[in-house]
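Subject: Structure for your review

Hello,

Here is the structure we talked about. My notes on what was found in it follow below.

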Amino acid sequence: MAFVQFSQVSLAFGDRDILKNVTINLQTGSKVALTGANGAGKSTLIKVLAGLVPPDSGNRAVQKNSRIAYLPQSGLTHHGCTLRQEADKAFEFGYEMQRKIDEIGAQLEAGQGNTDALVIQQAELIQALEESGWHRREAAAESVLLGLGFARSDFDRDTAEFSGGWQMRIALAKALMQSPDILLLDEPTNYLDIEARNWLEQFLQNYRGGFLLVSHDRYFLDVTINEVYELFNGELKRYPGNFSHYEKVREVELKTLIAAYEQQQEEINKLEDFIRRFGYKATKAAQAQEYQKRLEKMERIEIPESLKKIHFSFPPAPHSGRLVLRLHDITKSYDGGANNVLDKLELTLENGERLVVAGRNGAGKSTLLRIIAGEDSAFTGELVPGAGVKVGYFSQDNAETIRGKESILDYLEARAPLELIPKLRDMLGAFLFRGDDVYKSLDVLSGGEKSRIALLQLLLSPVNLLVLDEPTNHLDIHSKDVLLQALRGFGGTVIFVSHDRGFIEQLATKVLHLEHGQYKYFVGGYQFYIEQMEKNMEGGGSLPLAPKPSRSENRSCKQDDSRSFVGLSATPSAGSNAARNACSNLSSNENVATSGQLSWEEQKRLESERRKLEKEVSRLEAKITELETKKSELENKMADPAVYSNGEKAKAVQREIEALSTQIEETTAAWEAAAEKLM
């Protein structure tokens, strides 16, 4: 059995311990996730496992002839050959084994060496080569390349023609094609669309070797791994089970630590407040110095960033009408009409909807979002915004506008509403800018950092229609959770594109699928959409699309205030009346009721109940935030010497804190119950 094993491995950079007596064992069949806060040293640990970075101390052992493949986060490029030729380089191990087999054959033919030993060695190599799948390398390469989103027409393109994201897909493909004993993957999903992620999930689920990966996609981790290693303060601890199970176990495990952390923070606040208030008064100077020494000697308790509860909400969304946006006959082409990216697309958005646009790369998702945001006017058809609609648009291109010498904090303070300025530090922390990072100059930020600033800047703006193109890129799991919570409580409408399935499933209430210029609209969550698509694929067909309605049919449906259910069938039942027929043929907001599916009336009722639940969830989230704010204010009050030095006052404030804690628990339980019904 192949393995790579660490024992008591340590590594330090300067005065910072990255790894402290770390022990880990990866072997055939291992399915491991490595987690930890940004900057904890995950990428460094993977490089040490791969043998690229030597540890300061400890042992690294690798089973003889074990093959290890390593994929970094970024930075790999390919040029000088076609994609097909580059893919074949992944099988160099097989070519080398074949050369050895041939050399041994030549030795045997010439009667050289120990015949019995050479025969055994050759047989072992032949068996290993066969088991590696090398003889089926062309089929394997094609399967992996197609699975990761390459087209057959790409196979003979020069690799230098591919963009940075596709360059990393090539690198991932080569790592997978090697079929190594141990795979080490650092953020393999960063540059994958959701279809490629789904394919990679299946690949890893069926993978016979072992793998360790880092990812910020909770759903991806849940369906691929069965154990988690957490790197925290240089120490590594193992947790069996998937990622969601790890989070639950870890949170329970850390309750005592969190309580001790909060108690210590309260003590620190009291000491610092005393030193600040009385440090320069002669009568208190000695005591202040004593408190200062106590602070300096105190061993600070640290908790993972993911357990520091950070909440923020959007500025109140400006009022808008029930109808937010209407698109009619939207057609877009980049080649003069030979191939339409969007073809006579119909779409109606109503207030409060959270619509995800789905489809493969190149299907027109980003194009549609640019049109809706007013960034692209080179299309035909009508785009009619509703009354009072104010659009906020985010894409990765927003980062290009962020430049200058001012600090991150100054930049955002100048653009934030006054009521949110006190919360900016916490919000920046949620978006991975912690400590002195907030004082970085804009000009020194990476593209990913600028992208996070652009997203946060948008979230500070009072808008009622958010158009978000890949908002979760460059965010870790904790940051995604903070963003998700804020979006679920947003009082306006959201249309978005994302490749993070867990994020989509928890946010989207409706799905618009784009494919080859055509479209289909699904009322219901993302899981429902996936189920319907899978049923259709099992039937052997591509996405069935409804016939386009005439302008008069459009008007008759618009006048009918009701909304119907979107299914996958292209034709309504024969018995439906003409008006319902016209409406059910719409691929935008009017839907097709198919046999075996919910009736239109039942779907309408369920949709109404869902909206009520969403409002209740939002109300409870706001209530929790309000209660936690009050509790925090009282806890700060306890740090006031006028309170904590007065027994009666301290007891009274403590009773209020306990009452608020009870309310928070009860409200949280109600929130969990309501949120569970939405799942």
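To begin with a helix pair: H5 and H6 cross in a right-handed sense. Six residues make the contact, namely Ala141, Val144 and Leu145 on the H5 side and Ala173, Leu176 and Met177 on the H6 side. Sorted by class, those six are nonpolar, and the contact of H5 with H6 has no polar and no charged residues. The two axes come within 10 Å and cross at roughly 140°. That angle makes H5 oblique to H6, because roughly antiparallel would require an angle over 145 degrees.

Please keep in mind that this is a predicted model.

Overall make-up

The secondary structure amounts to 23 helices and 18 strands. The protein has 679 residues, and 47% of them are buried. Of the contacts with a separation of 6 or more, 71% are between residues 24 or more positions apart.

Salt bridges

Side chains of opposite charge can pair when their charged atoms come close. In this structure there are 28 salt bridges. I describe a few of them here.

One of them joins Asp156 to Arg84, with 3.3 Å between the closest N and O atoms. Asp156 sits in the loop between helix H5 (137-147) and helix H6 (164-177), while Arg84 belongs to helix H2 (residues 83-88), so this pair ties together parts that are 72 residues apart in sequence. Asp156 is exposed, at 54% relative accessible area, and Arg84 is partly exposed, at 44%.

Another salt bridge is formed by the side chains of Glu227 and Arg238, at 2.6 Å from N to O. Glu227 is in strand E8 (residues 227-232) and Arg238 in strand E9 (residues 235-240); they are eleven residues apart, and the pair links distant parts of the chain. The two partners fall into separate exposure classes: Glu227 is buried with a relative accessible area of 9%, because buried means under 20%, whereas Arg238 is partly exposed at 43%.

What separates Glu266 from Lys270 in helix H10 (residues 255-278)? About one helical turn, because the two residues are four apart in that helix. Glu266 and Lys270 form a salt bridge in which the closest N and O atoms are 3.5 Å apart. Glu266 has a relative accessibility of 29% and counts as partly exposed. Lys270 is partly exposed too, with a relative accessible area of 23%.

There is also a network of salt bridges, which links Glu86, Lys89 and Lys174. Glu86 lies within the residue range of helix H2 (residues 83-88), and Lys174 within that of helix H6 (164-177).

Three buried residues

Tyr526 is part of helix H18 (residues 526-538). Is this residue buried or exposed? Tyr526 is buried, with 3% relative accessible area. Setting aside neighbours within four places in sequence, Tyr526 is in contact with Ile194, Val356, Arg501, Ile504, Glu505 and Val511. Thr509 is 17 residues from Tyr526 along the chain, and their C-alpha atoms are separated by 7.3 Å.

Pro471 is in the loop between strand E15 (465-469) and helix H16 (477-488). Although placed in a loop, Pro471 is buried, at 2% relative accessibility. Not counting residues up to four places away in sequence, Pro471 touches Phe394, Leu455, Leu483, Val497 and Phe503. From Pro471 to Ser498 the distance is 7.0 Å, C-alpha to C-alpha, with their positions 27 residues apart in sequence.

Ser451 lies in helix H15 (residues 447-459). Its relative accessible area is 2%, and Ser451 is therefore buried. Residues up to four places away in sequence left out, Ser451 touches Phe394, Gln396, Ala399 and His474. Phe394 thus appears among the contacts of both Pro471 and Ser451.

Regards

Definitions and conventions. Residues numbered from 1 in each chain as written. Predicted model: local features only at pLDDT ≥ 70, side-chain atom pairs only at ≥ 80, totals over all residues. Heavy atoms only, no water. Salt bridge = Lys/Arg side-chain N within 4 Å of Asp/Glu carboxyl O. Buried < 20%, exposed > 50% of the residue type's maximum accessible area, 1.4 Å probe, protein only. Axes fitted to C-alpha atoms, helices over the stretch in contact; angles between N-to-C directions. Parallel < 35°, antiparallel > 145°, perpendicular 65-115°, else oblique. Left-handed = near helix turned anticlockwise from the far one by under 90°. Contact = heavy atoms within 4.5 Å. Nonpolar A, V, L, I, M, F, W, Y, C, P; charged D, E, K, R; others polar.
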